[in-house]
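Good morning, colleagues. Please take a moment to look at the sequence and the model before I begin.

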Amino acid sequence: MDLAISLASNFLALLDAMAIYILIGLLIAGFLKQIVPDDFIIKHLGSGNISSVIKATIFGIPLPVCSCSVIPLAQSLKKEGASKGAVQSFLIASPITGVDSILATYSFFGWFFTIYRVVSSMIIAILTGIIQNIFDKEEKQEETSSCSCHCSCSSQKPTKKPFSIKEVFSYAYVTLFKDMVKPLFIGLLFATLFTTLAPKEYTSLLFENQILTYFVIILFSMPLYICATASLPIAAALIIEGMSPGAAFILLSAGPATSLITMSVVYKSLGKTSLIIYLSVIAVLSLFFGYIFDTFFSNLQILNFSLEEENSSLISQLSSFIMLALMSYYLIKPWLNRKKESSCCSSGSCH
């Protein structure tokens, strides 16, 4: 009984720390989706120069896309003529430094770590794009294909979409939240189990060798799909158990920018050389910035919350309730739909 109470208490404490910031971040993302034209980014990322890489990074920071939807968007950028370097910069910057991820990072780690994460991620994204354009130059292709099928695309102009509050909330709390709900729940669950069950005297031994921890974290995080926001409670739990903030930075930097899915897309869309550059630069710079943080800022108390805190504000409690309700709804709904379909077919009424 005591164990169940501890698990529930730690789960709610982690949820309480981030709920309001995620909800606000998603709302801002919903407004940005309505304000920013769909073709705005594609128009600015054509040439293979430093300017396109910097633009791709800057556009990727506040853009309202999650770690899932950034992949098809990056593919569309490539098809529309964006340089390889710009595509890579966008793939790195957007999932790591989305507006919801920035606010959620602050909820756990405070402003200093948040600013450090955003700035260093921008540097990683820009340098990856520049190195890509230097060492893997692509041949200029003549404009063909897309308009050769008599589709008269040159005459088609995207219509300006009307601003809609309904679409703001729909994109924020349906499209985006539904994309992140599974990894977010898994992240919270893993963090809860780790902080509740893992003996601190043993887990601290795992993190004694700082450099070894760096390499274990990067080898663990790069192949897996780790959502930028959902990875935050995992990083916080690992810090509570004794891991250094620099190692947490590596997890939060390398994880969201890479996964087997992303690797596959980079390989197919940009080629083998591009994939090697992409992974190498991210790994090296993530290790570098993690080491820099631990070397110069290890004395900072970055955790912005405590599992021992018993009192939280009414707004935080309300936000936690709303987020828990949304999570429950989107996790249970697919299961109920499958159950309905199976019962429908078993009764012989489906065709």
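**Aromatic contacts and the packing around them**

With a relative accessibility of 39%, Phe112 counts as partly exposed. Here buried stands for under 20% relative accessible area, exposed for over 50%, and partly exposed for what lies in between, with a 1.4 Å probe and protein chains only. Phe293, by contrast, counts as buried, at 0% relative accessibility.

Before going further, I should say that this is a predicted model, in which local features need pLDDT of at least 70 and side-chain atom pairs count only at pLDDT 80 or more, while totals for chains, interfaces and linings use all residues. Residues are numbered from 1 along each chain as its sequence is written, and side-chain values use heavy atoms, with hydrogens and water left out.

Rings of Phe, Tyr and Trp (its six-membered ring) pair if their centres lie within 6.5 Å; planes under 30 degrees apart are called stacked, those over 60 edge-to-face, and the rest tilted. How many aromatic pairs does this rule give? The count comes to 18. Phe112 and Phe293 form a tilted pair, at 6.1 Å centre to centre and 55° between the planes. Since Phe112 belongs to helix α6 (residues 99-135) and Phe293 to helix α13 (residues 272-297), this pair ties together parts that are 181 residues apart in sequence. Helices are DSSP runs of H or I with at least four residues, strands are runs of E with at least two, and both are numbered from the N terminus.

The rings of Tyr116 and Phe249 have centres 5.5 Å apart and planes at 70°, so their pair is edge-to-face. Tyr116 is again in helix α6 and Phe249 is in helix α11 (residues 245-257), so parts 133 residues apart in sequence are tied together. Tyr116 counts as buried at 12% relative accessibility, and Phe249 is buried at 0%. Both pairs can be placed in a wider setting: one aromatic cluster includes Phe112, Tyr116, Phe249 and Phe293, with Phe108 and Phe288 also among its members.

Helix α6 also holds Ser121, which counts as buried at 1% relative accessibility. Taking contact as heavy atoms within 4.5 Å, Ser121 touches Ile92, Ile96 and Thr97, not counting residues up to four places away in sequence.

Is helix α5 enclosed or open? All 13 of its 13 residues are buried, so α5 is largely enclosed by the rest of the structure.

I turn to the nonpolar core, defined as buried Ala, Val, Leu, Ile, Met, Phe, Trp, Tyr and Cys residues joined through side-chain atoms within 4.5 Å. The largest one has 80 residues, of which Phe109, Leu184 and Met323 touch the most other members. Beyond its neighbours within four places in sequence, Leu184 is in contact with Met18, Ile22, Ala230, Met323 and Met327.

For the chain overall, there are 14 helices and zero strands, and 48% of the 351 residues count as buried. Of the contacts with a separation of 6 or more, 88% are between residues 24 or more positions apart.

Finally, confidence: pLDDT is the predictor's own estimate for each residue, from 0 to 100. The chain has a mean of 78, with 75% of residues at 70 or more. Among the elements, helix α2 (residues 40-44) has the lowest mean, 63, and α13 the highest, 92. Over residues 140-156 the pLDDT is below 50, and this stretch has six contacts in the model beyond near neighbours in sequence.
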